[in-house]
Amino acid sequence: MADTISIVLPVFNEEAGIKTTIETLERYVSKQDENYELVFVDDGSKDESAKIIKFEIEKNDNIKLVEFSRNFGHQLAITAGLQYTKGDAVVVMDADLQDPPEVIPRMIEKWHEGYDIVYGKRKQRDGETFFKKFTSAMFYRTFKKLATIDMPLDTGDFRLMNRKAVQQMQRLHEQDPFVRGQVTWIGFKQTSVEYHRHERIAGETKYPLSKMIKLALDGITSFSMKPLQLANIFSALPLVGGLVYLIYLIATGGFTATTVGITLMLFSVGLVFLSMGIFGSYLGRVLDQVNDRPRFVVSETVGFDQRAKTIHHLDTRQQVSN
Ligand code: UDP
Ligand code: MG
């Protein structure tokens, strides 16, 4: 039987181009061997986006819509979209055709070769400002240094995941998810296909600077404890400085009210930073616990009966649907 591919498309105020996106995808789908469903997630659009999608649903059974009550943000729209898919594989893409559908068959090919996750790697980006490309490049490189996961550079949310990966994604319950980090975190066999990212077909970017900053901070704070531990490093400077100064005073006998004052100040500043670092270390553990990710993900179990298999796949109280 032919595979079913679900395409998840988050939508926020895309009335200018959504009809073209649907028509382009319908044309693409009609030429493929697989069965397709298009799952649109309307992220609280204030324009006619949802209405246009509903109109198309009347003509095509394979189009679906999940409507949010308000704008919850791109990352949660993707998270929700995944839960409503039934395909053997799921592709997430922008609703503005910046991620070209022609790349999907190459992703499917890699999936058939045995990869669980195939992400799109941007080789070239059209129609995006120098500022966006520069800040994005900086962010990925900083993230790589800070984070505990090895997220591939220059990837967005355009990717294919098989059912196994989608199920594991549903075990992550973060309030402010950083989806591309989560996908890296779950592991499995991952690979990339390079693609040329086009200009959006219509409308403006729905990612103003404020949303970009939120995304970057969500990414760093959910996958790195290093900023919390900075205080530990800061404490070293005054503490070592104070010690060296004290040795110098002892050697030279230069104790006066001022020099003793300076020594005491250096030590106390150092101790304040040190205790902040200790708080940070504990807070980091709390954060880890609050994130409530499963502690591990099992890729496969062999030779177990059905019941044991379920237990091995679950690890925690959270149930995987399906
Ligand atoms: N989007 C969304 N909610 C938001 C912002 C954006 O669902 O709060 C959607 C948007 O409609 C698009 C995708 O997420 O389909 C990516 O946004 P956009 O294309 O504006 O970002 P860019 O490609 O400029 O980084
Ligand atoms: Mg876009």
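Among contacts in the protein chain between residues at least 6 apart in sequence, what share joins residues at least 24 apart? In this predicted model, the share is 79%. These contacts are set within a protein chain that has 11 helices and seven strands.

The overall dimensions make a helpful starting point. Along the principal axes, the C-alpha atoms of the protein chain fill a box of roughly 90 × 55 × 35 Å. The radius of gyration of the protein chain is 25 Å, whereas a compact globule of 322 residues would have one near 20 Å. Of the 322 residues, 46% are buried. About 17,300 Å² of the protein chain is exposed, and 60% of this area comes from carbon and sulfur atoms. As for charge, the protein chain carries 39 positive and 40 negative charges, whose mean positions lie 5 Å apart.

Turning to the interior, the largest nonpolar core has 29 residues, and I7, L9, I18, Y36, F40, I104 and L160 have the most contacts inside it. At least two residues of this core come from each of several elements, including the strands β1 (4-11), β2 (35-42), β4 (89-92), β6 (155-162) and β7 (190-197) and the helices α1 (18-30), α2 (49-59) and α4 (104-112). The most is given by α1, with five residues.

F40 offers a closer view of the packing. Leaving aside residues up to four places away in sequence, F40 touches L9, V11, I18, I22, I53, I63, K64, L65 and V66. One of these, V66, belongs to a second, separate core of 21 residues, which also includes F68, I117 and L172.

Note on methods:
Residues numbered from 1 in each chain as written. Chains lettered and ligands numbered in written order. Predicted model: local features only at pLDDT ≥ 70, side-chain atom pairs only at ≥ 80, totals over all residues. Heavy atoms only, no water. Helix = DSSP H or I, 4+ residues; strand = E, 2+ residues; numbered from the N terminus. Rg over C-alpha atoms; globule rule 2.2 N^0.38 Å. Buried < 20%, exposed > 50% of the residue type's maximum accessible area, 1.4 Å probe, protein only. Contact = heavy atoms within 4.5 Å. Areas by Shrake-Rupley, 256 points an atom, 1.4 Å probe, with all protein chains shown as cover. Lys, Arg positive; Asp, Glu negative; His and termini not counted. Charge placed at Lys NZ, Arg CZ, Asp CG, Glu CD. Core = buried A, V, L, I, M, F, W, Y, C linked by side-chain atoms within 4.5 Å.
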